[in-house]
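Colleague: I have a protein model open on my screen and would love some help with it. Could you walk me through one part in some detail?

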Amino acid sequence: MISISGLGSSTALKLIDATRYKQLDLMRDSAANKRAEEAFRDRISDISSPEELIADFEVYSFVMRAFDLEDQIFGKGLIRKMLESDPVEPSSLLNRLTDSRFREMHLALGFTTEAGPQTPDLTNPDFLNDVTTRFYNRQYINENDAQNETVGTVLEFRDKFSGINNWFEVLASEKLTNFFQVALSLPEQMSALDLDKQKALLADKFDLEKLADPAEREKLIARYVAISDAVNPQGFQANSIALDLLQSYNLGGQFVPITIDVTAVTFSASRLYR
């Protein structure tokens, strides 16, 4: 991956946008990723149930990472029950899990539908290509997020905006919630309100139908990035601010050294509105 550590988020986004396809190619050429993808494509056709999926750890891990559920890999019992859940029964485990990642994986695999347990066709090229694309796209997002959370949140928004149909889908994602709270100048404390009140606050600020307009999306991204970097500057920016402060104390040609702990001067973007 190209390093974006220390770059301002706007600059970092321009850099990774210009090199996105090159980075994805490098990921696909990685020996570890090649082995993982090959195992997935070779053995997923032998799997016909959630039980069989979690029994093949290599294939299971690939699928979990593709749906951004790497942090849940060792919760095999939960994942099995979730994949066996009725997608339309309100009391089913799937519908009691608020994280949208579980539903995406459930629907993509199709082990259970409203008609009951199924043996899905996991050899379909469209399915195989979709999961593989998700795997590399998720790796791209997560690795950039690890270097710069603001950039990671923007990438998450870009990845998810086309599937947003209502504010509850936004509120089911921590990163999307943060993105809209900051971009729309809403306080972090609103997350303590019940979902209907949060939805009302968001809807009052922005019409989701505007997401279809690229210009509107770019406005949201530009505002989110500007506010985030203003209250939590990245490394080189923070050092530059400190240097300016130091230089301002040059009295009559005599430099007066001052120690500033830049790392301590960091804030959550949403705290701007407290």
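Colleague: Let's look closely at D68 and its surroundings: is D68 buried or exposed?

Modeller: Happy to! Please keep in mind that this is a predicted model, with an average pLDDT of 87 for the protein. D68 has a relative accessibility of 19%, and because the cut-off for buried is under 20%, D68 counts as buried. You will find D68 in the loop between α4 (57–66) and α5 (76–83). The backbone there deserves a look too: phi of D68 is positive, about 60°, although D68 is not a glycine. For context, most residues other than glycine have a negative phi.

Now turn to the side chains. D68 belongs to a network of salt bridges that also includes R138, E156 and D159. Within that group, E156 and R138 meet in a salt bridge at 2.9 Å, N to O. This pair links distant parts of the chain, with E156 in helix α9 and R138 in helix α8 (residues 125–147), 18 residues apart. Both partners are buried: E156 has a relative accessible area of 7%, and R138 comes in at 5% relative accessibility.

Helix α9 has other links as well. D17 and R158 form a salt bridge of 2.7 Å, N to O. D17 sits in helix α1 (residues 9–29) and R158 in helix α9 (residues 149–160), 141 residues apart. Here D17 is partly exposed at 37% relative accessibility, and R158 is partly exposed at 28%. In total, the structure holds 18 salt bridges.

Conventions: Residues are numbered from 1 along each chain as its sequence is written. This is a predicted model: local features need pLDDT of at least 70, side-chain atom pairs count only at pLDDT 80 or more; totals for chains, interfaces and linings use all residues. Side-chain values use heavy atoms; hydrogens and water are left out. Helices (H or I, at least four residues) and strands (E, at least two) are DSSP runs, numbered from the N terminus. Buried means under 20% relative accessible area, exposed over 50%, partly exposed in between (1.4 Å probe, protein chains only). pLDDT is the predictor's confidence in each residue, from 0 to 100. A salt bridge is a side-chain nitrogen of Lys or Arg within 4 Å of a carboxyl oxygen of Asp or Glu.
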